[in-house]
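The following exercises ask the reader to work through a structure step by step. Each task is followed by its solution.

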Amino acid sequence: MINMAQSVIDSAKRLHSPAKFLGDNYNSIYSKNKNKFYWGIKPYKLVTDSAKLLPNSSKVLDLGCGEGKNSFYLAKMGFGINSVDVSGVGIKKLQDFAEKEGLMIEAQVSDAGLFLNNCENFDAVFCINMLQFIKQKNRIIKKMKSRTSHHGLNVIASFAAENEKKKKMALAKGRYLFDTGELKERYKDWKILFYEEKLGKWETHGKTRHRHLTIRMIAQKP
Ligand SMILES: C[S@@+](CC[C@H](N)C(=O)[O-])C[C@H]1O[C@@H](n2cnc3c(N)ncnc32)[C@H](O)[C@@H]1O
C-alpha cells in the first residue's frame, strides 16, 4: 500500500517537473556512497571506440554525464570537455575527482535541453543512457544535431522496447523507450558509422533483476 502511494506521489512529481524529479532521484542514488561511483569508473565501450575517431583537439560534450566516468576518460584523452547533468551531487563528485586527478572538465548542473539552447558547437556530443528519461526525445535530438560541428559525431546509447507492452511498462516508471529502428531513422540524414540494437546482460541494480534492449549508435554529421 505504501509502495503504491509512493509511486502515485512519484508520478505526480515526475509529471510536474521531470528534470527536477530526476535530479532529486539521482542525487539520492549518488549520495549513497560518497567514496564510490554508482556507475563505476570504467568508461563505456562505445565512448572509447568513438573517441578513436576524433581529432586530438576536439571539443566534446557529455550530456547526462552522471558522476563522470565517461567525462574522465575523454578528459584524459586530451579533449576539451563540457559535462552536464541535472544531478548536483553527480556533478560535485565529478568535480572533486577531476580536481584530485588534475583533469580539466567544465562541469555544469543543468537540464540537457536548456543547456543545448544556449551553448557553443561541439565536435562530438556523447549522450550515454540519458535519452530514455526524456519525453520529447525528438526535440532534444534536433538540438544535439544542430550543436554538432560539420563532420562531428553524436554518440548515443539508450534503450528500445521490443513491443508496446514493454513500452507501456517502462512509461509507468517514467522511461520513454525508443521503438526499434527509431533512433537510426532520426539520423537518416547523417552517416551512420555504427548502429546496434541488442539485448543487454542481466542487471541487478534497482529493485528487480532486469535486462534492456540496448541501442548504441555513432553517427557523423555531413
Ligand atoms: C543512467 S545515468 C548515466 C550517467 C552517465 N552517462 C554514465 O554513463 O555513467 C543517467 C543520467 O542522466 C541524467 N539526466 C536525466 N535526465 C536529464 C536531463 N534532462 N538533463 C540532464 N541530465 C539528465 C541523470 O541525472 C543521470 O545522471
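**Exercise 1. Determine how strand β4 is paired and whether it is buried or exposed.**

Solution.
1. Begin with the pairing: strand β1 (residues 59-63) and β4 run in the parallel sense and are joined over four bridges. The model in which this pairing is found is a predicted one.
2. Locate one bridge of that pair: Leu61 has Val125 of β4 as its partner.
3. Turn to the other neighbour: β4 also pairs in the parallel sense with strand β5 (residues 148-161), over six bridges. In this pair Cys127 stands opposite Ile156 of β5.
4. Assess burial: seven of the seven residues of β4 (residues 122-128) are buried, so the strand is largely enclosed by the rest of the structure.

**Exercise 2. State how many residues form the largest nonpolar core, and which of them have the most contacts inside it.**

Solution.
1. The largest nonpolar core comprises 50 residues.
2. Val60, Leu63, Val125, Phe126, Cys127 and Val155 have the most contacts inside this core.
3. Take Val125 as an example: beyond residues up to four places away in sequence, Val125 touches Leu61, Leu63, Met144, Arg147, Thr148 and Asn154.
4. As background, nonpolar side chains tend to be buried together in soluble globular proteins.

**Exercise 3. Place Arg147 in the chain and decide whether it is buried or exposed.**

Solution.
1. Arg147 belongs to the loop between α7 (137-146) and β5.
2. Count its surroundings: Arg147 has 20 C-beta neighbours inside 10 Å and therefore counts as buried, since the cut-off is 20 or more.
3. List its contacts, leaving aside neighbours within four places in sequence: Arg147 is in contact with Leu116, Cys119, Asn121, Phe122 and Val125.
4. Compare with a second arginine: Arg186 is 39 residues from Arg147 along the chain, and their C-alpha atoms are separated by 16 Å.

**Exercise 4. Describe the span of helix α5, its buried residues and the residue that follows it.**

Solution.
1. Helix α5 (residues 88-101) has 14 residues. From its first C-alpha to its last it reaches 20 Å, close to the 20 Å expected at 1.5 Å a residue.
2. The buried residues of α5 include Val89, Gly90, Ile91, Lys93, Leu94 and Ala98.
3. To read such a list, recall that an α-helix has 3.6 residues a turn, so residues three or four places apart point the same way.
4. After α5 comes Gly102, with a positive phi near 70°.

**Exercise 5. For Asn129 and His151, each with a positive phi although not a glycine, give the location and the exposure.**

Solution.
1. Asn129 has a phi of about 60° and sits in the loop between β4 and α7.
2. Asn129 counts as partly exposed because it has 17 C-beta neighbours inside 10 Å.
3. His151 has a phi of about 70° and lies in strand β5.
4. His151 is exposed, because 11 other C-beta atoms lie within 10 Å.

**Exercise 6. Characterise the shell around the ligand by its nearest residues, its classes and its contributing elements.**

Solution.
1. There are 22 residues around the ligand, of which Tyr26, Trp39, Gly64, Gly66 and Ala112 come nearest.
2. The elements that give two or more residues to this shell are α2 (18-31), α4 (69-76) and β2 (80-85). Helix α2 gives the most, with three residues.
3. By class, the shell has 13 nonpolar, six polar and three charged residues.

Conventions. Residues are numbered from 1 along each chain as its sequence is written. This is a predicted model: local features need pLDDT of at least 70, side-chain atom pairs count only at pLDDT 80 or more; totals for chains, interfaces and linings use all residues. A residue is near a molecule or strand if its C-beta atom, placed from the backbone, lies within 6 Å of it. Ala, Val, Leu, Ile, Met, Phe, Trp, Tyr, Cys and Pro count as nonpolar, Asp, Glu, Lys and Arg as charged, and the others, Gly among them, as polar. A nonpolar core is a set of buried Ala, Val, Leu, Ile, Met, Phe, Trp, Tyr and Cys residues joined through C-beta atoms within 7 Å. A residue is buried if 20 or more other C-beta atoms lie within 10 Å of its own, exposed if 12 or fewer, and partly exposed in between; C-beta atoms are placed from the backbone. Two residues are in contact if their C-beta atoms, placed from the backbone, lie within 7 Å. The expected span of a helix is 1.5 Å times one less than its number of residues. Two strands pair if DSSP finds at least two bridges between them.
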